[in-house]
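Got a fold in front of you and wondering how the labels people put on it are justified? Let's go through a few of them.

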Amino acid sequence: RTVYVNGEYVPETEAKVSIFDRAFLMADGVYEVTSVIDGKLVDFEGHAVRLERSLNELEMRNPVTKDELLQIHRDLIEKNDLTEGGIYLQITRGAPADRDFAWPNPDETPSGIVLFTFAKNLVEMPSVKTGIKVISIEDIRWGRRDIKTVQLLYPSMGKMMAKKAGCDDAWMVEDGFVTEGTSNNAYIVKGNKIITRALSNDILHGITRAAVLRFAAEAQMEVEERNFTIEEAQAADEAFITSATTFVQPVVEIDGAQVGEGVPGKLALRLREIYIEESMKTAV
Ligand code: PLP
């Protein structure tokens, strides 16, 4: 693969970043993952806006403009002949000469930026037909989950706990209520109503979530943004998750309890179709 590192396109085997990079030493970096279908970027605008927000919250500078960012994404799609999959983008606070808890002066230590592509079947996914199984785990992450940082150790542990339990993912629970999945937003369906936690610092403001809720409202589906418990989810008619790399994925089991009929829900599958169809209209 050809990857992008600080202004240059290089083969992945030649890509290098400093051991002093603060993302390596302190997880001092933010990221975005944008999906690609038919060689086009899905909701590039949404990801670019959230990236700016994450950077602003951490007083970090973006080393490239939005136009440059789009160009880099497109160049990588072309150089790697990517038709379906995604692009990972990471901006770090850079590599000061010395490790220090205080941030370096951005004029002396510019931000670092890397991007790489990955190929993945997104539209045809076997797990859409079967649905996924989740376990619940306590949400012990930090309090600013709205910032998309590379501090992913706990979500990574959660995914491993799920695997060890023979499941696909974990839903995190705080004060008795579901926050989100390890790398996705969580939803339940009761009757015709879609229920998902409201936006706050407790969850990542999913770009797919925003689009799905908009499309759902346009399709006259009822949406309620509120907290829900694992017990309520287990008793719901349907459950599903959303993220840039899974779109809408049905959840059929939570902590061993079958959700609904134990098969992917109708509404979730319909929403997935709508999402793919509608988001392709604005793909660039
Ligand atoms: N929540 C968390 C914790 C995530 O890591 C992600 C994506 O990586 C999401 C939600 C979904 O966000 P998006 O739809 O923007 O991919």
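What follows is a short set of questions and answers about this predicted model.

Q: How do you know how far to trust the coordinates of the protein, going by its mean pLDDT?
A: pLDDT runs from 0 to 100, and the mean for this protein is 98, with 100% of its residues at 70 or more. Local features need pLDDT of at least 70, so every residue clears that bar. The model also scores ipTM 0.99 and pTM 0.97.

Q: Why are helix 6 and helix 8 called roughly perpendicular?
A: Their axes cross at roughly 105 degrees and come within 10 Å. Roughly perpendicular covers 65 to 115 degrees, so the crossing of helix 6 and helix 8 earns that name.

Q: What makes the contact between helix 6 and helix 8?
A: Helix 6 puts in Ala211, Val212, Phe215 and Ala216, while helix 8 (residues 266–281) brings Leu271, Ile274, Tyr275, Glu278 and Ser279. Two residues are in contact if their C-beta atoms lie within 7 Å. By class, that's seven nonpolar residues, one polar and one charged. Tyr counts as nonpolar here, and Glu as charged, so Tyr275 goes with the nonpolar group and Glu278 is a charged residue of the contact.

Q: Which residues come nearest to the ligand, and what makes up the shell around it?
A: The nearest of the 13 residues around the ligand are Leu204, Gly206, Ile207, Thr208 and Ala244. Helix 6 (207–218) and strand 13 (238–243) are the elements giving two or more residues to the shell, and helix 6 has the largest share, with three. The shell splits into four nonpolar, seven polar and two charged residues. Gly counts as polar, so Gly206 falls in that class.

Q: What makes up the contact between domain 1 and domain 2?
A: The domain assignment gives domain 1 (2–119) and domain 2 (126–281), with centres 26 Å apart over C-alpha atoms. Domain 1 puts 20 residues into the contact and domain 2 puts in 13. On the domain 1 side, strand 3 (29–37), helix 2 (44–57) and strand 5 (85–92) each give two or more residues, and strand 3 gives the most, with eight. That side has eight nonpolar, eight polar and four charged residues.

Terms used
Residues are numbered from 1 along each chain as its sequence is written. This is a predicted model: local features need pLDDT of at least 70, side-chain atom pairs count only at pLDDT 80 or more; totals for chains, interfaces and linings use all residues. A residue is near a molecule or strand if its C-beta atom, placed from the backbone, lies within 6 Å of it. Helices (H or I, at least four residues) and strands (E, at least two) are DSSP runs, numbered from the N terminus. Domain bounds come from an automatic or database domain assignment. Axes are lines fitted to C-alpha atoms, for helices over the stretch in contact, and angles run from 0 to 180 degrees between N-to-C directions. Angles under 35 degrees count as roughly parallel, over 145 as roughly antiparallel, 65 to 115 as roughly perpendicular and the rest as oblique. pLDDT is the predictor's confidence in each residue, from 0 to 100.
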